[in-house]
Structure formats: C-alpha cells, structure tokens
Amino acid sequence: MEQTNYSVGLDIGTTKIVAIIGKQNEYGKIEILGIGKSKSLGVHRGVVNNITQTIKSIQQAVEEAEANSGLKIGSVVVGIAGQHIRSLQHSDYITRKDSEEVINEEDLDTLCNQVHKLIMLPGEEIIHVLPQEYKVDGQGEIREPIGMYGGRLEANFHVVVGQVVSIKNVGRCIKSAGLDLGNITLEPLASSDAVLSQEEKEAGVALIDIGGGTTDLAIFKDGIIRHTAVIPFGGGVITEDIKEGCSIIEKQAELLKTRFGSAWPGENRDNEIVSIPGLRGREPKEISLKNLSKIIHARIVEIIEQVYVEIKNYGHEEQKKKLIAGIVLTGGGSQLKHLKQLVEYITGMDTRIGYPNEHLAGDSDEEVASPLYATAVGLLMNAIKNKAKLKNIQEEIAEEEEFVFSEQEMETATQNRMHKERKSVFDKWSERLKEFLDNAE
C-alpha cells in the first residue's frame with residue numbers, strides 16, 4: 001500500500017504507548033489497519049523521565065503495529081499532556097491603521113502574535129492560542145471578523161502553556177525511535193475529536209479523560225474550546241493505594257482494580273471476599289471487596305472533586321456558560337464500575353461514557369472502540385485531516401499549472417502554498433520544534 005494512503009497516531013501515555021495505523025474509507029469513516037501497544041516505562045504523569053526506556057517502548061509499539069498491518073510507519077502525529085500543561089484566559093486588542101479597509105487574515109495573525117509576547121514563567125512556552133470570540137469597535141460576540149470594517153479589533157483567547165523542555169523531550173524520543181514528527185496536538189483536544197459530537201460541543205460539554213498518570217479536562221461551549229486543565233492524578237494512584245492498603249504487589253493491585261473494583265462501596269456485601277495467591281510459598285491473602293471499593297472510592301472522589309473545581313473555575317453555573325450536554329468520561333479509568341453514577345452524584349450533571357466508535361468503520365476491532373483508545377483514535381483522525389489538507393493543496397497546484405512537476409518542485413510549491421495559508425499558532429510552533437530537533441543532531 002502506498003505511503004499516501006494511510007496515517008499514524010501515536011499516544012505516549014503513562015501506562016501504555018499506542019501506535020495506530022488507519023485510513024479514511026469512501027464513507028468518511030476510519031478503517032483501522034493495524035494497532036500496536038507496549039507498556040510505557042519511561043513516562044511519569046504524562047512527562048518523559050527516561051528517554052532510553054521511552055524510545056524502546058515507542059519502537060515496540062511501532063513494530064507491533066507494522067507487523068499487524070504489513071505497513072511501514074514513517075511520520076506520526078503525537079499527543080502531549082502531563083502535569084506541566086496549564087491554561088489561562090487572556091484578552092488583547094490591536095488598533096488598525098486604516099479603519100476604511102476591511103479586516104483580513106493578516107490582522108488576525110497580528111493579534112494572535114501579540115499574545116505570544118505574554119511573559120511566561122521560566123521554561124514555559126505558549127503552545128496553543130485559541131481565539132474565543134472577537135470584538136470590533138466595541139461590538140461583541142463576533143465569531144468571524146474577516147470582511148468587517150473597524151478600527152479596533154479585540155479578542156478573548158484561551159492560551160495553553162507548557163514546559164518547553166518536556167515537549168522537546170517527546171520530540172527527541174520520536175526522532176530517536178526512527179520516526180518523523182508529523183504534528184503535535186494537545187491530548188484533551190485529540191480525545192474530544194474522537195468521542196464528542198458537534199452538537200455536544202455546541203450545547204456545552206466537559207470531557208474528562210482519566211488516564212494512567214493524569215486526568216485531562218476539556219470544556220466546550222458554542223463549538224469553541226473554553227477551558228483545558230490537566231490534573232496530575234489518574235488510574236495509577238488508585239492502583240498505588242490498593243497496593244499499599246492491601247499489602248500486595250502492583251500487578252495484583254491492577255488486576256483487582258479492573259476485575260473487582262467499583263467506585264461505589266455500598267454495592268459490595270461484607271461477606272464478598274477474593275483470595276490472592278501469596279508470594280513464594282506464603283499463605284494466600286483474603287481481601288474484602290467492600291474494603292477494596294472503599295479504597296477506590298476515596299481516591300476517585302478526590303480526582304472528580306479536583307476536576308469539578310476546574311469546571312467551576314470555568315463558571316458553568318452562569319446561565320450563559322451552562323454545560324447542557326453535561327459530562328463525557330473517557331480514557332482507561334472511565335471503565336471503572338459505577339463511575340458514571342458517582343460522577344452524576346458529585347456534580348449533579350448528566351454523564352455518559354465516551355467511546356470512539358462513532359468515527360470508526362463498522363468492521364473495526366471491538367478493542368479499538370474502547371475508551372482506552374480514545375486519545376489514539378483522536379490523534380489518528382488528526383493525522384488523516386493533515387494528510388487530506390496536504391493532498392488538496394497539491395491537487396490545487398497541479399490544476400493551476402500546466403506542466404508536470406518533479407517530486408522536489410512539487411514539495412517546494414506545496415510548502416510555499418502552505419506558508420501562504422493561515423496557520424494555527426500550534427502549527428507554527430510544531431514547525432519550530434521540528435527545526436530545533438533537526439538542528440540538535
């Protein structure tokens with residue numbers, strides 16, 4: 001199969017690394033061609049803390065995906081998360097030289113670039129600048145100001161900030177694993193592409209992605225992302241608590257959590273007990289399921305309450321900011337029994353579990369449609385979207401020009417056209433990161 005026909009998403013998580021190969025079929029759905037996963041050994045709470053181990057894990061996942069699909073992986077779209085990601089709201093304005101001329105894309109770029117001059121903490125860099133709404137000469141609630149007249153252009157921005165070193169380390173791992181970095185995207189945004197519908201984003205929805213090391217939150221209203229946050233706790237701390245509370249090894253704690261765990265302690269009767277084999281000739285251990293649920297309940301309540309504080313910070317209690325579609329839970333941690341009911345009880349908001357199956361072709365493997373792969377599927381969708389955009393630009397160039405291009409000339413013409421197109425700040429930032437990695441050889 002030609003390289004152009006398929007795309008790859010790579011999810012570097014705290015507990016697992018997933019490489020997923022897919023393409024879009026004629027019905028606009030995603031066909032999964034191969035999937036590979038490996039245990040993530042060099043990542044702690046979403047941040048790479050051991051480059052060598054992470055490179056090994058990435059290579060393992062990639063090799064498995066290649067073996068499954070019989071295809072070669074070249075360029076990947078990768079997600080970033082981790083406790084170093086934070087977001088803030090910011091308003092800025094520009095005064096235009098000539099109010100008799102209509103507002104164009106250049107004005108919007110000037111305004112976006114101005115946000116980049118914000119003073120950040122040492123080591124931090126702005127990675128996403130997402131315009132919320134614009135104001136032209138005091139007239140508010142404008143979604144798209146291009147083509148309007150006005151002297152003063154204002155906008156509210158949602159600014160996502162991260163530790164630049166952490167992101168460069170991810171880039172370094174990708175490059176050292178023998179892969180090309182196609183693009184970088186924020187993981188909560190990738191998950192939201194995979195599990196949320198456009199109607200939910202319009203009505204107002206909070207996506208909670210409970211991973212192994214972190215819990216990511218993304219809030220949408222009127223189709224625009226309004227708030228993002230990363231909470232440095234996930235399913236891993238629950239496993240840790242079970243391990244400590246029941247004095248058992250981590251592997252057993254993880255199995256107990258996934259097989260018998262429940263977020264609601266009232267569900268288990270006192271006489272429900274599970275027996276765990278002892279280590280090296282020691283007596284088996286008997287663990288009460290009620291106690292197990294109490295341990296899980298205590299920690300999951302803490303995680304949900306922290307997420308709820310972030311939802312309150314966004315201001316969901318105001319009529320204008322109300323989240324009509326409530327909460328969508330996804331990620332591996334969302335598979336915990338009775339979690340949906342607990343979240344509804346704590347927040348008082350409608351809740352559902354988000355599966356990425358809406359965008360997948362009907363014959364896809366059931367495993368891939370699990371919330372566990374929401375981020376990976378979202379990254380694959382992002383990769384497919386990028387490839388389609390590139391293809392359209394190349395087709396436009398080919399139509400406009402009579403003669404046939406050599407491969408080198410086509411690449412140059414495509415790059416020039418892409419530079420002319422209005423880029424998101426994140427695309428520009430990704431390019432700078434790629435340049436940095438190329439020069440750091």
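## How two helices cross

An angle between two helix axes counts as roughly parallel under 35 degrees, as roughly antiparallel over 145, as roughly perpendicular from 65 to 115, and as oblique in the rest of the range. In this structure, which is a predicted model, the axes of helix 8 (residues 289-314) and helix 9 (residues 339-347) cross at roughly 50 degrees and come within 10 Å. Helix 8 and helix 9 are therefore oblique to each other, and the crossing in which helix 8 passes helix 9 is right-handed.

Both the angle and the distance are given here because two packed helices are described by the angle between their axes and the distance between the axes.

## Residues where the helices meet

On the side of helix 8, the contact is made by His 297, Ile 300, Val 301, Ile 304, Glu 305 and Tyr 308, and these meet Leu 339, Leu 342, Val 343, Ile 346 and Thr 347 of helix 9. Sorted by class, the residues in this contact between helix 8 and helix 9 are 8 nonpolar, 2 polar and 1 charged.

## Empty space inside the model

Rolling a probe the size of a water molecule over the atoms shows where empty space is left. When the whole structure is searched in this manner, 2 cavities of 30 Å³ or more are found.

## The largest cavity

The largest cavity, with a volume of about 40 Å³, is lined by Gly 46, Val 47, Val 48, Gly 79, Ile 80, Ala 81, His 84, Ser 166, Ile 167 and Val 170. At least two residues of this lining come from each of strand 5 (47-48), strand 6 (75-80) and helix 3 (164-176), and helix 3 gives the most, with 3 residues. By class, the lining of the largest cavity holds 6 nonpolar and 4 polar residues, and no charged ones.

## The second largest cavity

Which residues line the second largest cavity? They are Ile 208, Ile 210, Thr 215, Ile 303, Ile 304, Val 307, Leu 329 and Val 343, and the space that they line has a volume of about 30 Å³. Strand 12 (205-210) and helix 8 each supply at least two residues of this lining, with helix 8 giving the most, namely 3 residues. Of the lining residues of the second largest cavity, 7 are nonpolar, 1 is polar and none is charged.

This cavity also leads back to the helix pair, since Ile 304 and Val 343 belong to its lining and are also among the residues through which helix 8 and helix 9 meet.

Notes. Residues numbered from 1 in each chain as written. Predicted model: local features only at pLDDT ≥ 70, side-chain atom pairs only at ≥ 80, totals over all residues. Heavy atoms only, no water. Axes fitted to C-alpha atoms, helices over the stretch in contact; angles between N-to-C directions. Helix = DSSP H or I, 4+ residues; strand = E, 2+ residues; numbered from the N terminus. Left-handed = near helix turned anticlockwise from the far one by under 90°. Contact = heavy atoms within 4.5 Å. Nonpolar A, V, L, I, M, F, W, Y, C, P; charged D, E, K, R; others polar. 1 Å grid on protein atoms, 1.4 Å probe; cavity = no way out; pocket = protein on both sides within 12 Å on 5 of 7 lines; lining within 4 Å. Points joined across faces, edges and corners; volume = space filled by probe spheres on them.
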